[in-house]
Amino acid sequence: MSVLTRDEAQTRAELLDVHHYTIELDLTGGDETFDSRTLIRFATRVDGDTFVELKPAELRLVTLDGQPLDPEALDGNRLALTGLTAGEHELRVDARMRYSRTGEGMHRFTDPTDGETYVYTQLFMDDVQRVFAAFDQPDLKAVFELSVTAPPNWTVLANGITEQADGVWKAAPTPLISTYLVAVAAGPWHSVRTEHRGLPFGLHCRRSLAPYLDADADELLDVTRACYDRYHEKFDEPYPFDSYDQAFVPEFNAGAMENPGLVTFRDEFVYRSAVTDTERQTRAMVIAHEMAHMWFGDLVTLKWWDDIWLNESFAEYMGYQTLTEATRFNDTWTDFGVTRKSWGYDADQRPSTHPVAPEAVDDTASALLNFDGISYAKGASALRQLVTWLGEKDFLAGINTHFARHKYGNATLADFIDNLAGATDRDVHAWADAWLRTTGVDTLTPRVTPGEHGTCVLTVDRAGSRPHRIAAGLYDRDLGDDGGQLVLRERLHLDLPHTEAHPIGKRPALLLLNDGDLTYAKVRFDPESFETVRKDLSGLPEPLTRAVVWNALRDAVRDGELAPLAYLETARAHLPLERDLAIVQGVLAFASTYIADRYLTPEERPAAVATLSELCRDLIRRTEDGDNPGLRLIAVRHRIDVAAHPDTIAAWLADGTVPGGPELDPELRWRVLARLAVLGATDEAAITAELERDPSATGQEGAARCRAALPDPEAKVRAWEAMFGSDDLSNYLFTATARGFWQPEQADLVREYVGRYYADAVAVAGRRGPAIADAAGRWAFPAHAVDADTLRLGEECLRDADPIPALRRKLVDQLDDLARALRVQRAGEN
């Protein structure tokens with residue numbers, strides 16, 4: 001299959017003006033394939049040749065202006081259209097297409113709970129070609145008119161309002177949209193429908209999830225309405241489509257997809273087990289993020305994939321900011337700082353880093369790799385810094401000019417910067433060059449030196465090249481009865497770079513750069529401030545301030561400047577006093593996944609796991625009064641995950657509850673059973689019995705993970721064969737199996753598979769494509785095997801085996817993380 005290059009897309013866009021697609025899908029033909037008939041009306045500006053793309057199981061008929069073309073002329077995913085004369089044309093394509101089990105194209109899923117089947121599209125980048133023939137690039141927008149023949153008990157959802165007549169569902173024609181934004185979701189959906197400001201709103205999920213959707217429908221619709229109203233306060237352009245449906249679909253690869261009028265979400269967001277309020281906030285943020293895309297991405301679309309940031313960075317920033325302004329979730333930037341910025345920082349320090357807005361992305365395969373922590377988290381951080389520097393009024397004025405000039409069309413970075421520049425006297429072009437065209441993370445380090453009359457002065461050293469507008473927080477110790485509390489004296493507002501020293505009066509107990517987390521940079525501490533952090537971190541009054549400190553400690557560990565055990569000791573001292581759920585979750589996740597499992601040697605790991613277990617026990621004891629159920633749930637989850645002995649958690653499973661609560665819902669039961677499997681304290685019979693208790697799709701995934709985690713050679717053989725020897729696993733079952741397979745406690749048992757991994761991962765990625773390649777590189781990688789041999793084998797694979805781009809990118813990142821872990825371990829030995 002050929003990937004589309006930037007040069008090919010530019011050439012085709014110069015030749016073609018695509019008007020209208022009429023698409024007829026028939027979903028009644030069986031479990032493996034569906035019928036797809038497409039009529040494309042387009043014009044050529046001059047005489048010339050081009051091509052249309054599709055990936056059929058069978059290409060039955062093609063006509064161009066009424067004349068048949070040879071279906072055998074299909075070359076990979078391209079059908080040449082030659083000898084076109086200037087003027088109007090009609091292309092008809094009749095094909096049989098394959099359903100997917102990997103979340104790409106038209107994904108088909110049968111719910112094990114009730115046997116009902118659902119299909120939905122995910123047409124991002126170049127997967128529209130798996131569903132219908134198209135001139136598949138974002139700047140060839142067109143009107144799409146869709147009809148779907150479906151089984152009689154199904155409902156069909158699409159980008160526009162759908163109506164059924166004589167067994168055929170017809171969707172209202174769309175406005176001008178890009179090919180990758182066309183959407184269909186069909187099946188016996190359970191739906192909750194309402195209206196807001198005259199616009200139809202809908203929530204949809206599998207029937208087996210109906211009680212859980214109904215329980216949360218008010219919350220979901222409240223968030224949707226609040227964000228809708230707030231965006232209409234911010235944006236001059238009204239919502240540009242005729243309805244707003246949100247479908248929670250099974251085995252979805254992303255968090256969600258911004259299809260106009262039909263946003264698809266992974267249906268784990270329909271909670272069937274207890275969750276924390278931070279998890280509800282995350283779901284609300286995804287709703288806000290996807291709604292922002294209706295303007296950023298759908299109304300105005302990038303011209304080519306080098307401007308991914310015009311979609312994702314804006315939706316990420318707007319999602320967090322709008323949720324803070326419009327809903328009860330008014331502390332979203334703490335969660336962003338803890339969970340999202342670290343994603344950006346990590347990605348930006350790997351060999352695969354790239355600018356937020358690259359100068360050029362050569363083809364679609366390369367573009368797909370850039371949907372990462374840089375395009376989302378770093379880009380959103382850059383925009384937050386831009387708003388801090390520019391002011392929200394001018395920022396929104398520039399945005400609204402951008403929408404007005406390019407609505408229903410396409411735009412570039414240059415277009416956007418020009419529109420911003422027209423709303424301010426500031427040099428936005430220079431800002432864009434410094435922030436969007438560069439790579440890497442700046443590091444800011446304070447220097448506090450004596451001034452006159454017992455005072456001090458502050459200077460800031462900047463490793464990097466970007467300008468920053470930040471706050472520096474000066475904190476003094478509270479000398480009252482409580483002790484251990486830190487009080488904000490003042491926040492200095494600094495523009496970096498600068499050469500002047502800032503008088504700060506007497507030395508503060510803590511000087512914190514980037515207090516408020518308004519820029520994207522690593523920060524360090526002066527020695528006195530670091531001692532204060534070690535002793536009094538939990539005494540800082542604001543959670544966002546504490547998040548900045550925890551991120552600084554995390555970065556110092558990763559950079560080899562802070563011993564992993566020192567981080568763990570700080571967590572042990574201060575996390576029992578922390579009430580912000582995002583911070584507790586983030587610190588525990590880093591401490592277990594990175595500190596214990598990668599940055600400490602196998603000999604040091606048991607003591608670290610014991611420390612984490614004690615920390616979780618402290619949090620559980622602290623929450624016995626029921627005051628903070630979310631905190632208790634986080635502590636229980638992590639206590640299960642780090643259990644070194646089975647007795648306590650096995651008793652919880654047998655009793656169906658943690659003493660004092662919570663009761664073990666399906667998520668906790670599978671979590672306990674997975675840990676018991678790792679410890680060799682359960683067996684196939686118990687896994688089968690649990691699956692009979694919970695035969696849902698989530699139960700199937702839980703069973704796959706437990707079976708792969710059993711410390712039994714035959715279980716490992718079966719799991720490996722399921723992942724790499726056959727192509728039967730869906731994307732979710734592949735991931736579940738991979739997550740169970742590698743366990744630090746079983747390093748000796750699975751040692752032989754480390755050497756097998758690279759060749760087998762290359763092979764399965766080549767057969768099954770980017771989604772499985774991503775899962776194989778992310779979840780099936782032996783991340784626990786932090787040694788020189790694993791690194792050497794990976795480097796040989798990259799040099800000799802030619803993995804497909806999606807897997808190559810994952811391996812580059814994993815190997816860089818592994819090399820970093822080796823450096824941290826060696827630093828600890830010195």
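Colleague: What makes the pair Asp727 and Arg767 a salt bridge?

Modeller: In this predicted model, the closest N and O atoms of Asp727 and Arg767 are 2.9 Å apart. The cut-off for a side-chain nitrogen of Lys or Arg and a carboxyl oxygen of Asp or Glu is 4 Å, so the pair qualifies as a salt bridge.

Colleague: Why do you say that this pair ties together separate parts of the chain?

Modeller: Asp727 sits in the loop between helix H21 (713–725) and helix H22 (731–741), while Arg767 belongs to helix H23 (residues 751–768), so the bridge ties together parts that are 40 residues apart in sequence.

Colleague: How do you know whether Asp727 is buried or exposed?

Modeller: Neither word fits, because the range for partly exposed lies between 20% and 50%, and Asp727 has a relative accessible area of 37%. Arg767, with a relative accessible area of 44%, is partly exposed as well. Elsewhere, salt bridges that share partners join Arg230, Glu233, Lys234, Glu325 and Glu392 into one network.

Colleague: Good, back to the helices. Why are H21 and H23 called roughly parallel?

Modeller: Their axes cross at roughly 25° and come within 10 Å. Angles under 35 degrees count as roughly parallel, and H21 and H23 therefore earn that description. On the H21 side the contact is made by Pro713, Lys716, Val717, Trp720, Met723 and Phe724, and on the H23 side by Tyr753, Arg756, Tyr757, Asp760, Ala761, Val764 and Arg767. Sorted by class, this contact has 9 nonpolar, no polar and 4 charged residues.

Colleague: Happy with that. What makes Asp641 and Arg671 a salt bridge?

Modeller: The N to O distance between their side chains is 2.6 Å, and the limit is 4 Å, so the pair passes. This pair also links distant parts of the chain: Asp641 is in helix H16 (residues 629–641) and Arg671 in helix H18 (residues 666–678), 30 residues apart. Asp641 has a relative accessible area of 32% and Arg671 has 23% relative accessibility. Both values lie between 20% and 50%, so each residue counts as partly exposed.

Colleague: And what about Arg820 and Asp559, what makes them a salt bridge?

Modeller: Their side chains meet at 3.2 Å, N to O, and the rule asks for 4 Å or less, so this pair counts too. By this rule the count comes to 73 salt bridges. The Arg820 and Asp559 pair links distant parts of the chain, with Arg820 in helix H26 and Asp559 in the loop between helix H12 (543–558) and helix H13 (564–574), 261 residues apart.

Colleague: How do you know whether Arg820 is buried or exposed?

Modeller: Buried means under 20%, and Arg820 has a relative accessible area of 6%, so Arg820 is buried. Its partner Asp559 reaches 26% relative accessibility and is therefore partly exposed.

Colleague: H26 also holds Arg809. Is Arg809 buried or exposed, and why?

Modeller: Arg809 is at 12% relative accessibility and the limit for buried is 20%, so Arg809 counts as buried. Arg809 lies in helix H26 (residues 805–829). Leaving aside neighbours within four places in sequence, Arg809 is in contact with Ser352, His354, Leu369, Asn370 and Asp372. Its C-alpha is 9.6 Å from that of Pro351, although these two residues are 458 apart in sequence.

Colleague: Now the strands. Why is S8 described as largely enclosed?

Modeller: In strand S8 (residues 105–110), 5 of the 6 residues are buried, so the rest of the structure largely encloses it.

Colleague: How do you know that S8 and S9 pair?

Modeller: At least two bridges are required, and S8 and strand S9 (residues 117–122) have 6, in the antiparallel sense, so they pair. His107 stands opposite Tyr120, and Phe109 stands opposite Tyr118. The hairpin has 6 residues between the strands, and Gly115 takes a positive phi near 80° there.

Colleague: What makes S8 an edge strand?

Modeller: S8 belongs to an open sheet of 4 strands with the order S8-S9-S14-S11 and antiparallel pairing. S8 and strand S11 (155–158) are the edges, since each pairs on one side only. The twist averages 10° from one strand to the next.

Definitions and conventions: Residues numbered from 1 in each chain as written. Predicted model: local features only at pLDDT ≥ 70, side-chain atom pairs only at ≥ 80, totals over all residues. Heavy atoms only, no water. Helix = DSSP H or I, 4+ residues; strand = E, 2+ residues; numbered from the N terminus. Buried < 20%, exposed > 50% of the residue type's maximum accessible area, 1.4 Å probe, protein only. Contact = heavy atoms within 4.5 Å. Axes fitted to C-alpha atoms, helices over the stretch in contact; angles between N-to-C directions. Parallel < 35°, antiparallel > 145°, perpendicular 65-115°, else oblique. Nonpolar A, V, L, I, M, F, W, Y, C, P; charged D, E, K, R; others polar.
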